[in-house]
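Me: I've got a protein model open on my screen and I'd like to learn how to read it. Can we go through it bit by bit?

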Amino acid sequence: MSNIIEVKVPDIGDFSEVEVIELLVAAGDTIKAEQSLITVESDKASMEIPSSAAGIVKSLKIKVGDKVKQGSVILEMDAAQAAAAPAAAPASTPAATPPAPAPSPVVAPPAAAAPAAVAQPDRAPAALSASLASAPVERHSPTEAYADANVPARNLPHASPSVRKFARELGVNLGVVMGTGDKHRITQDDVRQFVKQALATGAGAPAVGGSVGGLSVLGWPKVDFAKFGPTEVKPLSRIKKISGANLHRNWVMIPHVTNNDAADITDLEALRVTLNQENQKSGIKITMLAFLIKAVVAALKKFPEFNASLDGDNLVLKQYYHIGFAADTPNGLVVPVIRDADRKGVIEVATETSDLARQARDGKLSPAQMQGGCFSISSLGGIGGTSFTPIINAPEVAILGVSRSSHAPVWDGKAFQPRLMLPLSLSYDHRVIDGASAARFNAYLAALLADFRRIAL
Ligand code: CAO
């Protein structure tokens with residue numbers, strides 16, 4: 001016998017609509033009453049929404065990114081099967097509304113002074129890292145273990161939703177963290193200290209969110225800036241948090257080298273200006289970025305190891321040409337992708353980049369529009385600079401940084417000529433690409449830009 005019920009968002013206090021940022025359960029999961037189902041976030045706080053009933057999840061009715069409010073259906077559940085489930089929680093009335101969850105700040109408040117003096121968990125460092133490394137990957141849902149009615153109450157991790165979220169993000173099993181707060185409550189600093197100690201032993205390689213193990217570094221300096229002058233705390237945007245984590249991983253894990261060169265774009269810029277004058281009525285602006293994308297495709301065809309990704313000991317060589325470009329938006333950096341750039345003309349590429357850049361600025365890009373890139377271009381040419389070191393957009397193996405073009409005297413064998421020179425900074429993954437190949441790629445790209453007719457060859 002089944003008894004399908006809908007589990008809804010309970011009263012969430014002052015918030016009219018909040019965004020779903022995490023799904024903590026999936027269809028088929030056996031869940032207990034009061035077990036957290038989703039995490040939602042407003043501009044001020046994040047909170048976990050508990051289940052009003054026990055049972056087996058039939059289907060989820062929401063996804064990450066949805067906006068929900070009191071009464072929104074989270075999922076459908078077969079409540080009748082709860083009793084049959086092996087570790088079912090004490091029965092609860094399906095219709096019962098769970099207690100409103102207590103919001104917790106998205107950004108942790110500055111740690112109190114206490115943790116510095118706090119006793120560390122009474123374990124040997126090696127054991128700690130082993131525990132961290134063996135932190136279970138919850139097969140059903142990350143919260144299931146915490147809600148397991150078979151676990152004696154005294155062993156349940158006692159921590160706020162924000163601390164549990166923080167621990168989940170770092171891959172830390174709260175069951176092995178010693179709480180130093182009131183009644184052994186686990187604080188954010190307990191989690192931080194636990195990770196620090198595990199990393200310091202060098203044995204936590206794959207444990208902490210898949211990050212680089214063995215890095216023995218100093219803790220991040222904790223400074224009370226207000227001591228030195230007035231301050232304002234502004235949470236990082238969602239895009240910044242996500243792109244920051246990606247950039248950090250890529251910078252730490254990829255051995256980057258940057259090759260700098262310059263392309264003589266005097267003739268290409270003249271062509272671009274002429275084309276734009278001719279096409280004024282069409283309203284389409286042909287940009288240097290569009291020419292760069294086409295030139296990059298031609299260079300990728302000549303140097304296929306740049307159109308590749310590392311997969312263990314193998315190099316996956318791609319036979320398609322999807323080119324990403326960094327777009328600066330009010331909320332941070334995003335990289336939309338021009339698909340099959342080899343099959344598109346300069347005008348089509350220019351139209352598409354301007355469309356995607358607009359959508360990026362309006363925050364309207366879908367995840368699919370940012371996926372599948374083979375190679376990225378980061379153009380700061382419209383802003384300034386003479387060179388920079390772009391960070392490779394993993395799993396790609398190279399990225400082209402473009403700075404502002406300027407006139408420079410170039411020796412033509414008889415005299416110096418004023419030429420418009422475009423700086424090209426090519427960062428490459430040295431595990432895949434040798435310095436000589438990178439220099440050849442960049443020189444070839446510069447030659448294409450200097451005489452765009454070569455693209456047709
Ligand atoms: N040198 C000199 N001038 C340049 C140039 C270059 N390399 N590239 C563009 N310009 C000029 C253009 O001629 C144009 O000038 P006008 O307005 O007088 O015509 C102006 O800069 C704007 O150029 P554009 O409309 O062609 O736009 P763009 O191609 O430069 O930029 C985009 C589009 C989406 C790349 C840009 O808006 C952007 O977001 N850039 C920042 C990317 C970024 O943040 N990278 C860093 C990532 S790593 O942290």
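**The nonpolar core**

Reply: Sure, and keep in mind that this is a predicted model. A good place to start is the largest nonpolar core, which has 53 residues. Those with the most contacts inside it are Phe 375, Ile 377, Leu 400, Leu 424 and Leu 449.

Me: Which element gives the largest share of this core?

Reply: Several elements each supply at least two residues of the core, among them H8, S17, S18, strand S20 (416–429) and helix H9 (435–450). H7 and strand S13 (323–325) belong on that list too. With twelve residues, the largest share comes from H7.

Me: How many of the 15 residues of H7 are buried?

Reply: Buried here means under 20% relative accessible area. H7 is largely enclosed by the rest of the structure, because the number of its 15 residues that are buried is 13.

Me: How far apart are the end C-alpha atoms of H7, and what span should its residues give?

Reply: Helix H7 runs over residues 288–302, which makes 15 residues. You take 1.5 Å times one less than the number of residues. That gives an expected 21 Å, so it agrees with the distance between the end C-alpha atoms, 21 Å.

**Another covered helix**

Me: Which residues of H3 are buried?

Reply: Helix H3 covers residues 161–170 and is mostly covered, with seven of its ten residues buried. Just after H3 comes Gly 171, with a positive phi of about 75 degrees. The buried ones in H3 are Ser 162, Val 163, Arg 164, Lys 165, Phe 166, Ala 167 and Arg 168.

**Around the ligand**

Me: Which residues come nearest to the ligand?

Reply: There are 19 residues around the ligand. By class, that shell has eight nonpolar, seven polar and four charged residues. Strand S14 (327–329) and strand S17 (375–379) each supply at least two of them. The ones that come nearest are Asp 328, Ser 378, Gly 382, Ser 403 and Ser 405.

Me: How far is an oxygen atom of the ligand from a polar backbone atom of Asp 328?

Reply: Let's look at the backbone contacts together. A backbone N or O atom of Gly 381 sits 3.4 Å from a nitrogen atom of the ligand, and for Ser 403 a backbone N or O atom is 3.1 Å from a ligand nitrogen. For Asp 328 the ligand atom is an oxygen, and the distance to the polar backbone atom is 2.7 Å.

Me: What percentage of the ligand's area does the protein bury?

Reply: Start with the ligand taken alone, which exposes 980 Å². Of that area, the protein buries 66%.

**Unusual backbone spots**

Me: Which peptide bond is cis?

Reply: Most peptide bonds are trans, so a cis one is worth a look. Pro 395 lies in the loop between S17 and strand S18 (398–402). The bond leading into Pro 395 has omega near 10 degrees, and this cis bond runs from Ala 394 to Pro 395.

Me: What is the relative accessible area of Glu 34?

Reply: Glu 34 is in the loop between strand S3 (30–31) and strand S4 (36–41). Its phi is positive, near 75 degrees, although Glu 34 is a residue other than glycine. Glu 34 is partly exposed, and its relative accessible area is 45%.

Me: Where does Asp 340 lie?

Reply: Asp 340 is not a glycine, yet it has a positive phi of about 45 degrees. At 21% relative accessibility it counts as partly exposed. Asp 340 lies in the loop between strand S16 (337–338) and helix H8 (346–361).

**Links across the chain**

Me: Is Lys 344 buried or exposed?

Reply: Lys 344 is placed in the loop between S16 and H8. Its side chain reaches the backbone oxygen of Arg 339 at 2.7 Å. The cut-off for buried is under 20%. With 15% relative accessibility, Lys 344 therefore counts as buried.

Me: What separates the C-alpha atoms of Ile 347 and Ile 286?

Reply: Ile 347 lies in helix H8 and is partly exposed, with a relative accessible area of 42%. Along the chain, Ile 347 and Ile 286 are 61 residues apart. In space, their C-alpha atoms are separated by 6.2 Å.

Conventions. Residues are numbered from 1 along each chain as its sequence is written. This is a predicted model: local features need pLDDT of at least 70, side-chain atom pairs count only at pLDDT 80 or more; totals for chains, interfaces and linings use all residues. Side-chain values use heavy atoms; hydrogens and water are left out. A residue is near a molecule or strand if one of its heavy atoms lies within 4 Å of it. A polar contact is a pair of N or O atoms within 3.5 Å; within protein, one must be able to donate a hydrogen and the other to accept it, and residues adjacent in sequence count only if both atoms are side-chain atoms. Accessible areas come from the Shrake-Rupley method with a 1.4 Å probe; for residues, only the protein chains shown count as cover. Helices (H or I, at least four residues) and strands (E, at least two) are DSSP runs, numbered from the N terminus. Ala, Val, Leu, Ile, Met, Phe, Trp, Tyr, Cys and Pro count as nonpolar, Asp, Glu, Lys and Arg as charged, and the others, Gly among them, as polar. Buried means under 20% relative accessible area, exposed over 50%, partly exposed in between (1.4 Å probe, protein chains only). A nonpolar core is a set of buried Ala, Val, Leu, Ile, Met, Phe, Trp, Tyr and Cys residues joined through side-chain atoms within 4.5 Å.
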